[in-house]
Amino acid sequence: MTLDVRAFGAKGDGVTDDTDAFVKFFEAARARKCRKVTIDAGVYLLAGEKSVPVYSDCLVVAEGAEFRFPERLGDNHRRVMFYGEDVY
């Protein structure tokens with residue numbers, strides 16, 4: 001089964017906040033028990049206050065995808081935005 005983060009509302013244009021789309025995307029992947037998800041190339045802005053849930057046994061492939069965080073995060077730009085068991 002293939003899921004596309006853009007089908008959940010992500011724009012990947014570097015301007016639109018894609019946080020909610022990523023939350024919905026990974027929640028759907030978990031519900032469908034996807035073992036691998038692919039994030040297409042794009043510039044994804046994760047400006048929301050939510051963390052993005054990634055679950056165990058799910059390989060995330062994001063070749064060509066760039067993730068941007070707002071400047072207001074300051075030194076917190078190193079914080080983990082994706083969380084879950086065995087997330088590397």
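**Helix α1 and its aromatic neighbourhood**

In helix α1, the buried residues are Thr19, Ala21, Phe22, Val23, Phe25, Phe26, Ala28 and Ala29. The model analysed here is a predicted one. Helix α1 covers residues 19–31. It comprises 13 residues. From first C-alpha to last, α1 reaches 19 Å, close to the 18 Å expected at 1.5 Å a residue. Just after α1, lysine 33 adopts a positive phi of about 55°.

Threonine 19 lies in α1. Its relative accessibility is 2%, and threonine 19 therefore counts as buried, the cut-off being under 20%. Leaving aside residues up to four places away in sequence, threonine 19 touches Leu45, Leu46, Ala47, Gly48 and Lys50.

Two phenylalanines of α1 were examined further. Phenylalanine 25 has a relative accessible area of 0%, so it is buried. Phenylalanine 26 also counts as buried, because its relative accessibility is 1%.

Aromatic contacts were then considered. The structure holds seven aromatic pairs. One of them joins phenylalanine 25 and phenylalanine 26. The ring centres of this pair lie 5.0 Å apart, and the planes meet at 75°. Planes over 60 degrees apart count as edge-to-face, and the pair of phenylalanine 25 and phenylalanine 26 is accordingly edge-to-face.

Phenylalanine 25 and phenylalanine 26 also belong to one aromatic cluster, together with Phe8, Phe22, Tyr44 and Phe67. Among the cluster members, Phe22, Phe25 and Phe26 are buried residues of α1.

Technical notes
Residues numbered from 1 in each chain as written. Predicted model: local features only at pLDDT ≥ 70, side-chain atom pairs only at ≥ 80, totals over all residues. Heavy atoms only, no water. Phe/Tyr/Trp six-rings, centres within 6.5 Å; stacked < 30°, edge-to-face > 60°. Buried < 20%, exposed > 50% of the residue type's maximum accessible area, 1.4 Å probe, protein only. Helix = DSSP H or I, 4+ residues; strand = E, 2+ residues; numbered from the N terminus. Contact = heavy atoms within 4.5 Å. Expected span 1.5 Å × (residues − 1).
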